[in-house]
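Morning, everyone. I'll take one structure today and walk through it piece by piece. Please have a look at the screen.

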Amino acid sequence: MTLLEVKDLRAGYGRSEVLHGISFTVGAGEIAVMLGANGAGKTTTLRALSGLIDRRGDVAINGEKLPAGDAARAVSERLAHVPEGRGTFPGFTVHENLMLGAYTRRDRAAVAQDVAYWQEFFPILGQRAKQRAGTLSGGEQQMLAIARAMMLRPQLLILDEPSQGLAPVIVRDLFSRLSEINKSMGIAMLIVEQNAHLSLSIAARGYVLEAGKISVSQPAAELQANDEIRRAYLGG
Ligand SMILES: Nc1ncnc2c1ncn2[C@@H]1O[C@H](COP(=O)(O)OP(=O)(O)OP(=O)(O)O)[C@@H](O)[C@H]1O
């Protein structure tokens, strides 16, 4: 079953079009990865999906079209975006950051339960609850960013280069936690990555974006075995 369906998506900045009509899907409960070189348009794709920038074309979740240019509604009702550079609030505590993730929710008791859940899932977020987010390490901030996004109880989590700037051992841990969230809660994910190895290893499907167009769409295992892709994105 398809969860996210994107048809002929076009977006850019001012008069310059960056995405030239891309179409792709993410299945319910599935992890999909989007690879691509610097400047291919990966970040722009995620921004267009979550309504942070204008777009043309259709974006639907569970068959329901998301309103274009309405980040608040798109994000709160269906998908949560973990942006490039994490986007946590460094001056607020870990606990406050989690609460900010739930700002559109009115179900207070359930919000408190979810905070407890994520502080247990990522124990460091429980231990550091009263510390400012800015004092966390890069990997811990990424965990906070993911937990904060999950506070929306999204159907789809979209992540922009979660591995950026993190040591390999931390990245491995992070991807295994993402896989766990996917498997245990059935949350679908679209992960944009430049570094392909680990992301493909937890994914069902992969796309390659080249200069604003999707050039390859394959099951993740086939992408990993694809010689051209190996040379370009997997270090030989
Ligand atoms: N805010 C902006 N204003 C104008 N142009 C932008 C803006 N953000 C990105 N661009 C341009 O859009 C194109 C695609 O950028 P985008 O960030 O989507 O690429 P990317 O695939 O995510 O690459 P990277 O890995 O470098 O983040 C690039 O040419 C970039 O210079």
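Start with Ile124. This is a predicted model, and in it Ile124 sits in helix H5, residues 124-127. Is Ile124 buried, partly exposed or exposed? Ile124 counts as partly exposed, because it has 16 C-beta neighbours inside 10 Å, and the buried class begins at 20. Set aside the neighbours within four places in sequence, and Ile124 is in contact with Glu140 and Met143. Now take Ser201, 77 residues from Ile124 along the chain. The C-alpha atoms of these two residues are 25 Å apart.

Next, the domains. The protein divides into domain 1, which is 2-78 + 154-233, and domain 2, which is 88-153. Their C-alpha centres are separated by 23 Å. At the contact, eight residues of domain 1 meet seven residues of domain 2. What classes of residue does domain 1 put on that side? Six nonpolar, two polar and no charged residues.

On to the sheets. Here is the general point: strands of a sheet pair through backbone hydrogen bonds, either parallel or antiparallel. One open sheet has six strands, in the order E6-E7-E8-E3-E9-E10, with mixed pairing. Its edges are strand E6 (79-82) and strand E10 (213-219), and each of these pairs on one side only. Neighbouring strands in this sheet are turned by 15° against each other on average, direction ignored.

Look at strand E9, residues 205-210. E9 pairs with E10 in the antiparallel sense, over six bridges. In that pairing Val208 has Val216 of E10 as its bridge partner. Tyr207 stands opposite Ser217, also in E10. The two strands make a hairpin, with two residues between them. Watch Ala211 in the turn: its phi is positive, about 45°. With E3, E9 runs parallel, and four bridges join them. There, Ala32 stands opposite Arg205 of E9. How many residues of E9 are buried? Five of its six, so the strand is mostly covered by the cut-off of 20 or more C-beta atoms within 10 Å.

Now the second sheet. Four strands, open, in the order E2-E1-E4-E5, with antiparallel pairing. Strand E2 (16-27) and strand E5 (64-65) are the edges, each pairing on one side only. Strand E1 (residues 2-13) and strand E4 (residues 56-61) are joined by five bridges and run antiparallel. One bridge there pairs Lys7 with Asp58 in E4.

Two helices to place. Helix H1 packs on the six-stranded sheet and touches strand E3 (31-35), E6, strand E7 (156-160), strand E8 (188-193) and E9. The direction of H1 makes about 145° with that of E7. H1 also lies across E1, E2 and E4, running at about 70° to E2. Helix H6, residues 138-150, lies across E6 and E7. H6 runs at about 165° to E6.

Last, the ligand. What surrounds it? Tyr13, Val18, Gly36, Asn38, Gly39, Ala40, Gly41, Lys42, Thr43, Thr44 and Gln194. By class, that shell has three nonpolar, seven polar and one charged residues. Which element gives the most to the shell? Helix H1, residues 42-49, with three residues. H1 is also the helix that packs on the sheet containing E9. That's my tour; over to you.

How values were computed
Residues are numbered from 1 along each chain as its sequence is written. This is a predicted model: local features need pLDDT of at least 70, side-chain atom pairs count only at pLDDT 80 or more; totals for chains, interfaces and linings use all residues. A residue is near a molecule or strand if its C-beta atom, placed from the backbone, lies within 6 Å of it. Ala, Val, Leu, Ile, Met, Phe, Trp, Tyr, Cys and Pro count as nonpolar, Asp, Glu, Lys and Arg as charged, and the others, Gly among them, as polar. Two strands pair if DSSP finds at least two bridges between them. Axes are lines fitted to C-alpha atoms, for helices over the stretch in contact, and angles run from 0 to 180 degrees between N-to-C directions. Two residues are in contact if their C-beta atoms, placed from the backbone, lie within 7 Å. Domain bounds come from an automatic or database domain assignment. A residue is buried if 20 or more other C-beta atoms lie within 10 Å of its own, exposed if 12 or fewer, and partly exposed in between; C-beta atoms are placed from the backbone.
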